[in-house]
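Colleague: I would like to go through this model slowly and ask, for each word you use, what earns it. Could we begin with a single residue and work outwards?

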Amino acid sequence: MRISVFLFMLMSFSKPTAIGASSLGDEILAAVKSRINHGGNLSEVYDLVDDLPIKDSKALYIRVNRVWPKLTGNYISNFQRHARNAGNDTRENKTHIRDLRKELESMKSLADRPMKDVLKKRGITILSELRKLLIPNTELVLSTANETLKKERRSLIAYAGLRDALIKAAIIPSDSTSLSPVTKAEEDFIRQLSGLDRKGLRVMAKNRKTAKKPDVTETERKGVEDANIMRLLAGYNALEIDPNLCAAARDHSKDMETHNFFAHNSPLKGKKTPWDRAKIFSTTASGENIFMGSTDPLAANRGWFFSPGHHRNMFDPRHKRIGLGQHNRHWTQLFGS
């Protein structure tokens, strides 16, 4: 059932009995349809809701809400059907994915200077191509949709805005916007179509649970997940968060700022090497990266990606565990075998 049919259903629920407030709801619905079909400023239509008495806002909300579940259900079903078909293109690109990964892997064997140049010129482009092939997103899926589905989504957004305006005007308690469940359904379904290694995805899901404990900050978890996604895109295993490695990494980041040094070898007694520092926190380490200059974990990961030695560390297949520790603008990334 298409949007125009839903609009007819909305319009047919009640007939205006006289010119005035009672017919304004029908005018609002007609204006929404007009802007869906011909373009125009929807916010001006939503502003009309403020002119409705609360009882009329509630009445119009009831009319919209009667068909809202079927409206969203039909769209989600059509979206999933298209997304599933679009996902087939990802599986047909296995050869291209394999070639991109081989090209990225070959850069690690270069000397540092040429490796740094090729990482800047080609490395991040390869990662972006792999991301498009292996991690479809709503925007990408919709870009390949036919005009019918695109219009269906535009219509859904329009009626979601009207529904939210009515909820506000009628003083109806609500913790989320009308479109939130739809976008979540889109994202949840697309996540199932990911071409990333399933075992790696399970590791990342486990990491999210680990990070709910106070041993790992949300910023550190995001940095670890970003690094893991890059590893999975490149064809490597995802790394499990080791909270003890996070603690050791965070401690080193703090030491570097507090004692004004930036190095893998610490001047502090008992903390000279990454292995010493990991031992203090009852764990072991097999590699370390350090970064300074931003509070954003993604900036740290990008810095390491473009730096030959750090890049080789990030994409070492021998690593099994990871810890990330932030102190202000200092970051330490520790790996464990």
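**From one residue to the whole chain**

Modeller: Leaving aside residues up to four places away in sequence, Glu-225 touches Met-204 and Arg-208. Please keep in mind throughout that this is a predicted model.

Colleague: What makes you say that Glu-225 "touches" Met-204 and Arg-208?

Modeller: The word requires heavy atoms within 4.5 Å, and Glu-225 meets that condition with both Met-204 and Arg-208. Leu-298 is described in another way, by the 9.8 Å between its C-alpha atom and that of Glu-225, although their positions lie 73 residues apart along the chain.

Colleague: Is Glu-225 buried or exposed, and how do you know?

Modeller: Its relative accessible area is 18%, and buried means under 20%, so Glu-225 counts as buried. This residue belongs to helix α11.

Colleague: Why is Asn-65 called partly exposed?

Modeller: The class covers values between 20% and 50%, and Asn-65 has a relative accessible area of 26%, so it is partly exposed. Asn-65 sits in helix α4, which spans residues 54-91, and its C-alpha atom is 7.7 Å from that of Arg-163, a residue 98 places away in sequence.

Colleague: Which class do Asn-260 and Asn-328 fall into?

Modeller: Asn-260, in the loop between α12 and α13, has 71% relative accessible area, and exposed means over 50%, so Asn-260 is exposed. Asn-328, in the loop between β3 and β4, reaches 42% and therefore counts as partly exposed. Phi is near 55° in Asn-260 and near 55° in Asn-328. These positive values deserve a remark because most residues other than glycine have a negative phi.

Colleague: What makes β1 and β2 edge strands of the sheet?

Modeller: The sheet is open, with four strands in the order β1-β3-β4-β2 and mixed pairing. β1 (240-241) and β2 (287-292) each have a single partner strand, so one side of each has no neighbour in the sheet.

Colleague: How do you know that β2 and β4 are paired?

Modeller: Pairing needs at least two bridges, and six join β2 to β4 (residues 330-336), so the two strands qualify, and they run antiparallel. Within this pair, Phe-291 has Trp-331 of β4 as its bridge partner. Helix α11 (residues 218-234) packs on the sheet, touching β1, β3 (321-327) and β4, at about 135° to β3. Helix α12 (residues 243-258) lies across β1, β2, β3 and β4, at about 35° to β3.

Colleague: How does the radius of gyration of the chain stand against that of a compact globule of 337 residues?

Modeller: Such a globule would have a value near 20 Å, whereas the chain has 27 Å. Its C-alpha atoms fill a box of roughly 85 × 45 × 30 Å along the principal axes, and 45% of the residues count as buried.

Colleague: Where does pLDDT stay under 50?

Modeller: That happens over residues 1-22, although the mean pLDDT of the chain is 90 and 92% of its residues reach 70 or more. Where pLDDT is low, the predicted coordinates should not be read in detail. Residues 1-22 do have 40 contacts beyond four places in sequence in the model.

Notes: Residues numbered from 1 in each chain as written. Predicted model: local features only at pLDDT ≥ 70, side-chain atom pairs only at ≥ 80, totals over all residues. Heavy atoms only, no water. Axes fitted to C-alpha atoms, helices over the stretch in contact; angles between N-to-C directions. pLDDT = per-residue confidence, 0-100. Buried < 20%, exposed > 50% of the residue type's maximum accessible area, 1.4 Å probe, protein only. Rg over C-alpha atoms; globule rule 2.2 N^0.38 Å.
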